[in-house]
Every structure is written in C-alpha cells, then in structure tokens.
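Let's take a walk through this model, starting with its charged pairs and ending at a patch on the surface. Keep the structure open as you read.

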Amino acid sequence: MLLSVLAGQISMRLGAPVLLTFLGVGVLFGEDGPGGIIFNDAGTAYFLCSIALAIVLFDGGLRTRVTTFRQAFLPAFSLATVGVVITAAITGGFATWLMGVSPTEGMLIGSLVASTDAAAVFLLLHQRGINLKRHVSATLEVESGINDPMAIFLTFSCVSILSANLDADWISITAHFVKEMGLGLAMGYTGGAALAQLLRLIRLDPGLYPVVVLIGGLVIFAGTNLVGGSGFLAAYVSGIVFASWKLHKLMLVKQFNDGMAWIAQLVMLLTLGLFVTPTKLIEHIEPAILTAICLIAVARPVAV
C-alpha cells in the first residue's frame with residue numbers, strides 16, 4: 001500500500017491514471033510478478049471490493065450537494081438506465097461479431113462493462129486540473145453512483161437465458177430491477193436521515209463521530225443488500241442525505257471519510273491486481289483491447 005501511494009504520486013505528476021498505477025502494483029505483487037503472492041479467492045476479492053466501493057460511494061455522496069443531485073438526476077438517471085443499455089448493446093454486438101460467440105454471450109460481455117466505475121469517476125473528477133461545469137461534474141458523479149442496478153439487471157438477464165433458467169421470466173427480472181432501484185433509493189434516504197438524527201442525539205469523543213458515520217454508512221449498504229436492494233445506490237444516497245443536514249461535525253466526518261476512501265481504493269485495486277494472472281490473459285489480449293476501444297470510442301459516446 002505504501003508503494004502504491006508513492007507510485008501514485010509519481011504517476012499523477014506524469015499525468016498517468018493513478019488507479020491504473022495501483023492496479024499495476026497489485027499485479028507486480030501477484031503470482032506472475034516479483035512479489036509472487038498467489039491469490040485466487042474470488043469470494044474474498046468480491047467481498048473486499050464490495051466493501052471498498054461502498055466506502056467510496058458513501059464518501060462521494062457526502063461531497064454531493066442535494067441541489068446538485070436534483071439538477072443532475074434526470075440526465076444521470078437516463079445515462080444510468082437507457083445509456084447503459086445502449087452501451088451494452090453496441091459493445092455486445094461488436095463482441096459477438098469479433099469473437100464469434102452467440103448474441104446472448106456477446107450481450108453478457110457488453111453488460112459487464114457497460115456501467116462506469118464510481119471509484120474511477122470520483123477520483124478523476126476530484127484530481128487537480130479537472131475543471132468542469134458543476135452540472136456536468138454532478139451528472140457524471142450521480143450516474144456512476146446509480147448505474148449498478150441496470151448493469152446487474154442486464155447481466156442477470158443474460159445469465160438466466162444462457163443457463164436456460166425457466167423460472168427467471170422477463171416479468172420477474174424487471175421486478176428485480178425495480179426492487180433494487182426502489183429499495184436502494186428508499187433505504188439510502190431513510191438511512192442517511194436516521195444517521196444524521198443519531199449524531200444529533202448522542203455525545204461521543206470527537207474522534208468517534210466520523211467512525212460512527214462510516215460504520216453507519218456500511219450498515220445501510222449491508223442492510224439494503226440483505227433485503228434485495230442496491231446497496232451501492234443506498235450508500236451513495238445516504239451520504240448525500242446525511243451531508244444535507246449540515247451538522248457541525250460534518251467537516252471532521254468528510255476529512256476522515258476522504259482518507260478512508262483512499263484506503264478503500266488502494267485495497268480494491270491491489271486486490272484486483274493480485275487476482276489478475278497476466279500470463280493467462282495473453283491469448284485473449286487482442287479481442288479484449290479491440291472490445292475496449294469499441295466501448296470507449298464508439299459505444300459510450302453514442303449512448304451519451
């Protein structure tokens with residue numbers, strides 16, 4: 001982690017993507033690099049990265065004003081739903097043609113890469129030198145925070161079709177999406193308000209307030225997941241709602257969560273880097289790069 005921080009500072013001065021640097025350090029410590037750490041536990045990687053992304057989204061919510069969220073919600077919601085579908089369809093169609101897979105398998109590939117990454121978006125927008133209009137910046141942030149339900153909906157649909165799961169009809173799949181989005185928004189709003197009210201009622205050592213807030217955000221994330229909602233959406237919305245209460249401890253909370261968000265990004269990218277085995281990817285490198293170029297240069301611009 002220390003090496004990632006130092007390498008990240010150098011990459012930022014050179015204008016290189018700092019998150020890619022973190023990922024690269026993880027790869028170097030992996031089984032194909034000089035570190036030689038063998039890590040193949042998908043369950044642990046999923047758990048660590050999910051918690052890390054929840055922290056990043058909660059921190060992003062704390063820095064998003066309610067007025068900005070309201071202004072940006074309609075374009076962001078359009079991008080996070082229709083935009084994700086268009087991106088997945090174009091990328092999936094290209095992957096089908098390029099790799100010779102079935103249309104459903106191609107759509108699965110498109111669905112898995114169609115949503116923007118919240119951690120990357122928040123970091124890029126908050127780096128020095130990025131000066132966008134507030135409405136544009138807010139649209140990008142809100143979209144990255146609420147696009148997971150649609151990506152999950154598309155992925156779930158493709159997997160159901162490929163596995164010939166007759167129980168998963170389109171009505172149940174659509175209901176699953178609506179449930180994820182609805183519960184994510186509802187529990188994020190009520191959870192953020194309840195957390196703010198809790199901080200008004202309790203008296204703690206000043207250093208414990210930001211800890212309680214962060215743990216509260218993770219409880220909202222986990223609780224929403226347990227009842228079938230989008231925990232990532234709930235974490236982001238709860239951060240926005242909590243910050244709107246303008247408590248006198250808010251600045252302390254933001255400073256603490258900013259540091260925790262950096263740790264979360266380090267953990268997430270290092271874990272993913274360790275999980276990658278570059279030698280196993282060489283045979284797939286050409287179609288992967290071509291698909292990425294289609295995604296970046298064609299699919300997303302057309303969707304936007």
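A salt bridge here is a side-chain nitrogen of Lys or Arg within 4 Å of a carboxyl oxygen of Asp or Glu. One bit of housekeeping: this is a predicted model, where local features need pLDDT of at least 70 and side-chain atom pairs count only at pLDDT 80 or more, while totals for chains, interfaces and linings use all residues. Residues are numbered from 1 along each chain as its sequence is written, and side-chain values use heavy atoms, leaving out hydrogens and water.

By the salt-bridge rule, the count comes to two. Start with R63, which pairs with D59, their closest N and O atoms being 3.3 Å apart. R63 also forms a salt bridge with D258, this time with 3.7 Å between the closest N and O atoms. That second pair ties together distant parts of the chain: R63 sits in the loop between α3 and α4, D258 is in helix α12 (residues 250-275), and 195 residues separate them. (Helices are DSSP runs of H or I with at least four residues, strands are runs of E with at least two, and both are numbered from the N terminus.) Put together, D59, R63 and D258 make up a network of salt bridges.

How covered are these three? Buried means under 20% relative accessible area, exposed means over 50%, and partly exposed is in between, using a 1.4 Å probe and protein chains only. D59 counts as buried because its relative accessibility is 7%. R63, at 33%, counts as partly exposed, and so does D258, at 31%.

Now look at α3 itself. Its 21 residues reach 30 Å from first C-alpha to last, close to the 30 Å expected at 1.5 Å a residue; the expected span is 1.5 Å times one less than the number of residues. At its N-terminal end, D41 acts as a cap, with a side-chain oxygen 3.1 Å from the backbone nitrogen of G43.

Next comes A88, in helix α4 (residues 66-99). With 0% relative accessibility, A88 counts as buried. A88 touches M107, G110, S111, A114 and L154, not counting residues up to four places away in sequence; contact means heavy atoms within 4.5 Å. The C-alpha atoms of A88 and T291 are 11 Å apart, though the two positions lie 203 residues apart along the chain.

Finally, find F29 in the loop between α2 (18-28) and α3 (42-62). F29 counts as partly exposed, because its relative accessibility is 37%.

Methods
A polar contact is a pair of N or O atoms within 3.5 Å; within protein, one must be able to donate a hydrogen and the other to accept it, and residues adjacent in sequence count only if both atoms are side-chain atoms.
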